[in-house]
Amino acid sequence: MTQDKIQSRVELTLYRMGFLDSSTDDKDIPPGSKLELPFWLAYALCSQKRRIVSVELPKAYRESYREVMKADANVVNLYKLGPYYYNFGMKLQCFSFPEIDDVSKCLLSTFQTRFRKIMDASQNIMNEDTSKLTSNLDEMEKALFKVGQKSLTDFQLWETRQVEKLKTSDMVRAHRKRKREDE
Amino acid sequence: MNSLNQQSFNDSNVDYDEDSEEEAEALTAAEVFAKLEEAWLNEKFSPELLEAKTEIVECIMDQIKVMEENLLKCKKDDMKICIHKMELDRIRFVLSSYLRIRLQKIQNYTAYYLNIENQRTDKQASLFSPEELKFAKEFHSSIDKHLTELAMQHMPSILQNLNDNLSGNKPDLDCYVFLRVNEDTDSVVIDEETTETGEETVDFQKDEQHIIRYQPIRHLVSSSQLTLI
Amino acid sequence: MLASKAFELIKELSRGNSGSLSPYNEDCIRQVLDEMKSLYEQNQKDVSDTVAGETGLFSGVQVRHAALERNKRCLLTYLYKRLQIIQEMRWEFGSVLPMDIRYNMCEQEISWFNRYNKMLAVYMRSIGDSGLDLTQDMQPPKSLYIEVRCLKDHGEFETQDGNIIVLKRNNQHFLLRSECEHLIRQGVLEHVTN
Amino acid sequence: MLVKDPKKEFYDKIQHQRVLILVTFDVDALCACNILQYLFQCDQVLYTVVPVTGKQDLENSFLENSEGIKHILMLNCGATIDIIELLQPDDDVCFYICDSHRPVDVHNVYNGVQVKLLMKDEEMRDIPDYDDVFRDDEDDESDAESNDEGEQLSKRKRYSDEYILKRRERRQWEENRNKTLFEYTQFSSFGSSAALLMFEIAWRMSKDTNDLVWLGIIGVTDQLVHYRISREKYIEDVMTLQSHVSRHNFKEGPENNQPINSLKISFEDELQLTLYRHWSLFESICKSVTTACKFKVWSMKGRKRLHEFLAEMGLPLIQCQQKYSAMEPSLRNNVKELIQKHIEKYGFAPEDIVIPSFNAQYGYRNKLCASDVVLACCALLESPQEKSQNATDSFFQAMDILNRKNTKEMEEALNMAKKQIGALASQVQTFLDMQQVMSAGPFLYAFVQEGTLEAKCLSKPQCLQRLARFTLEAYSAERRSKKTQYLPLVLGVPLDAEQQTSLVIGIPPLNLDDERKNFFGKAFEQAAVTTNSRTLHNYFDNYILQMNTEDRGKFFDALINLLQVSLSLSLSLSLSLSAFICASP
């Protein structure tokens, strides 16, 4: 997620850094050029102390998308907006965007609205194909969903007294399965 | 489970805390086991490594040994044998599980806990048992060595320090835990004063159960005013 | 792109699934180290140029420095995560790893595994007077004896009371739980519950 | 030696010992094994269960697993073989045999130290007297055998009258012994179910549960389904079980008081329609032996009669052809009464269509009758193996479905059973359509064609047994001639195409149904010996054997000869056969 691209504007000439911008063959990148930089680089180059580049808020977190979230967060495919939508959103806090408070509020309310549905689904879906449902979730939500499902199946196992059964360790089982497939 | 333990444990009184200078309390084996169980639950549900209960562990280990020896003396078709064996298995499970959880925590945040250990004054109790400390040091140095050999020594010299990478890892003390109150405790600060809200405090009463952020109540766990569940 | 090789290592980690270890990517690691070296050399050059009076190179140095840090972080994460996986495997597979997994480990990883094995053994032996095998009793015991079914031919197995049992595929035995827990975890036996 | 008090002489002996349990591949043995495992787990008796497919397997398994083991239990295997002779165990090893195969080998009967038979006293009546088969005067025996050594001595003796007298007496005794032994062993038959015996042991020790009763029921039902015991014997056993069922399932107060997931067994007259609760009524009627044969469903006319019958009962065809569980409840609930009421007109006796049996129910959905479980379990036990599978894989799969919690696996097993029975019925249809059932004079024979899809599925002993019976009844119904009632059937099915082997079974004629005695065991042995055929008598059911397909011709000629001679000697086939073989060297 720290590899996610962020739209940046070069403020100071970057000498001998032409390769960062694939659209030009120039040796240097002049101020004013727009670049897509990975987050880790943008973070290093845009801070209180040094302003080598300035950054823009990524689209998915801007006003228009925030409106969409407000309307009905449940129908949005978060995964498409970024597989790590929440985490990346939180990372963005380190840049001083004017609207950053709104972004964080929006993230919180989005999560709150969606969480209810995820929780509900994870506790009630048994032995069904969940891929359609989970394809809309960002990675964190997916992890949450998985935890929910696991607790559901664990509970059922407990109810039917199957937890007593000693099992082959997961890794060994996965390992053996793969070996069989290879053969 | 407890009733079983009581039964056989009561046969013998063992001295718990023999060595400790403060007060030599004599506890029955059942009481020691109750203490182990408490330590086990706390360890299991706390996000950080708690103080090592070295005496309890030693005491239980001794007890296991005694029981095993007694079992060998019994006749083969004695009904009691399987009950005692079962009990042994259960004690051993709790003990192993307790030590395993601790080991896991030590492995995950080795540098963090070693740091705490280094800054510890003589008055404070150590988080580690002596054996655990030895393991932690060995574990830490083995990883250091591994990373150095494979990567660090091939890097430019100014980058050749590891510290900020590994020790940055620390347990999440802000996570939420379930707890049961052992004794009344008033006005526990659970949220510090901020600009928006005032200080938030809670009065705990015995036998209440709460779900709460770990950080504000961690000192109550170590003083066993609370038990995590 | 800067540090893209290092990122590949990270992606490789996230692709891996339980019970397997991807081959130690020595190639990629060397390329990352090479990239770091040239970044560093370029920076040194720019710094000395700056000292010599040239201006405007500062931003480039910053970019490279960030890339160096990035590379280092990814590389260490890669190595450390692998150790964590290997460490977990010690608990799941036991002290001897399957050949195909060992095959994917580099020499240092194997020696680390052996060292880990040793320190674990030392620790476990030092608990109490007689030591305690922490890899046993992974689940709360429910009964003293359990019924198990052999999933593969394993050969002879000596029980605590000195009897020898032949573990052959599709035989079923009623044994002490503590005796066969390891074999169940290693997938030799299956616990049959009613 | 027969065990009189199973608790004292068997169960108490094995406490705190390790026990090796050898189990054959039949449902009854599986149930018995399950009961035993329950008992052993209660008392923490350590054991090892090893499935054995045949005599060779028995030997190997014993050698492999017997180290340090002093107590060996055999379920539905071992009784008919001289076990000490075969296995050559150490002197301190003791065998406990719980086997429904008869006759029990006389060596097993009279070995008082190492062989303990867990069987019913009243079934052991026709065993030859000890003095008739064994002679204790060792001197005599060694004399007769070691002629060379003591030639001088014996020469002198030979002249003495006393000696001659003794010789004559001895020869007479030997003749008598051969005759007694032959009469004793000429027929193979079956005694009480192993599962029933095990259940009764559990009951006597007050350790029986409702689940164990159910296992006993399944064991007994297995014996009926595979034509091992007569209907009378079955009813007798069912009555015994019924008292246990009512004891365990009687509850005070309102009936719905008990938890829904407990096991409820009820005693009921059960339609003899194969798996009908899990199939459609129509399919089930077409594939059940009795109804298929009486209606002759393989002919157009037969089908028509069946349709007529259904119409008469007021059951629309559409309802009958959909899944039974999806039938309209008002119809479904009356099916049994309707069938019983209307079927007499079609030439059925009441006992042709219903039989006293048991149902088990747990949870809301899963109502199973005993024969459903037998068929499902058997289908799993004899499921065609993939290459990668081990023959014993299916054994424990089958054992697993006896555990009532595995409802999903049970469902799959029922589907397999339907497939197996489907293959069986269509094979019977092929036999009739292609007129492949031939008369060899004294018996009928038929062969499943090589390379058919069904062959793979049918080449298993238990399944073959049912196929043979189905074929014989169908043929007899088709012919309508009384003579077919008196003819036995020999049936073969290809086993292994590469090795050119086939599986052959012989079953007795229909008119001897009440006795369930099979003389083919001895006859097969004889025919194989005289023709030097490459045969393998590996199964514990001796009327089933493996043979090299090339040797089929000469083997059959010999068999025909054997049976023809016996026919000519007497009209009663069974008795005469004994006479013939007795006379032959």
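**View 1. Chain A, a chain with eight helices and three strands in this predicted model.** Reading from the N terminus, the elements of chain A go β-β-α-β-α-α-α-α-α-α-α. Of the 183 residues in chain A, 23% count as buried. Take the contacts in chain A between residues at least 6 apart in sequence: 59% of these join residues at least 24 apart. As for the predictor's scores for the complex, the ipTM is 0.79 and the pTM is 0.83.

**View 2. The stretch of chain A that carries a UniProt feature.** An unreviewed UniProt entry puts "domain: GINS subunit" at residues 62-158 of chain A. In the model, residues 62-158 of chain A are 72% helix and 0% strand. The C-alpha atoms at the two ends of this stretch sit 46 Å apart.

**View 3. Where chain C meets chain A.** Chain C puts 28 residues into this contact, and chain A puts in 27 residues. On the chain C side, the elements giving two or more residues are α3 (58-93) and α6 (177-185). Helix α3(C) supplies the largest share of that side, with nine residues. What kinds of residues make up the side of chain C that touches chain A? They split into ten nonpolar, 13 polar and five charged.

**View 4. Domains 1 and 2 of chain B, side by side.** The domain assignment cuts chain B into domain 1 (2-108), domain 2 (111-159) and domain 3 (176-228). For the contact between the first two, domain 1 of chain B gives seven residues and domain 2 of chain B gives ten residues. On the domain 1 side, helix α4 (residues 79-108) of chain B gives the most, with three residues. That side of domain 1 of chain B is made up of three nonpolar, two polar and two charged residues.

**View 5. The two faces of helix α3 (residues 55-65) in chain D.** The buried residues of this helix are D:Leu58, D:Ser61, D:Phe62 and D:Asn65. They lie on the same side of α3(D) because they cover an arc of only 100 degrees around the axis. Flip to the face turned away from the buried side and you find the exposed residues D:Gln56, D:Asn60 and D:Leu63. What do the buried residues of α3(D) pack against? Within chain D, their partners are β1 (19-24), β2 (47-52) and α4 (83-87). Chain C joins in as well, with its β3 (164-167).

**View 6. D:Ser192 and its surroundings.** This serine, D:Ser192, belongs to the loop between β7 (189-190) and α10 (194-204) of chain D. Is D:Ser192 buried or exposed? It counts as buried because it has 23 C-beta neighbours inside 10 Å, and the cut-off for buried is 20 or more. Leaving out residues up to four places away in sequence, D:Ser192 touches D:Ser100, D:Lys120, D:Glu123, D:Leu197 and D:Asp237. D:Trp173 is 19 residues away from D:Ser192 along the chain, and their C-alpha atoms are 33 Å apart.

**View 7. How confident the predictor is along chain D.** The average pLDDT for chain D is 84, and 89% of its residues score at least 70. Over residues 138-149 of chain D, though, the pLDDT is below 50. That stretch has four contacts in the model beyond near neighbours in sequence. Residues 569-585 of chain D also stay under 50 in pLDDT, and here the model has 26 contacts beyond four places in sequence.

Methods. Residues numbered from 1 in each chain as written. Chains lettered and ligands numbered in written order. Predicted model: local features only at pLDDT ≥ 70, side-chain atom pairs only at ≥ 80, totals over all residues. pLDDT = per-residue confidence, 0-100. Helix = DSSP H or I, 4+ residues; strand = E, 2+ residues; numbered from the N terminus. Buried ≥ 20, exposed ≤ 12 C-beta atoms within 10 Å, placed from the backbone. Nonpolar A, V, L, I, M, F, W, Y, C, P; charged D, E, K, R; others polar. Domains from an automatic or database assignment. UniProt positions renumbered as here; feature names shortened; annotations may be inferred. Arc of directions from axis to C-beta.
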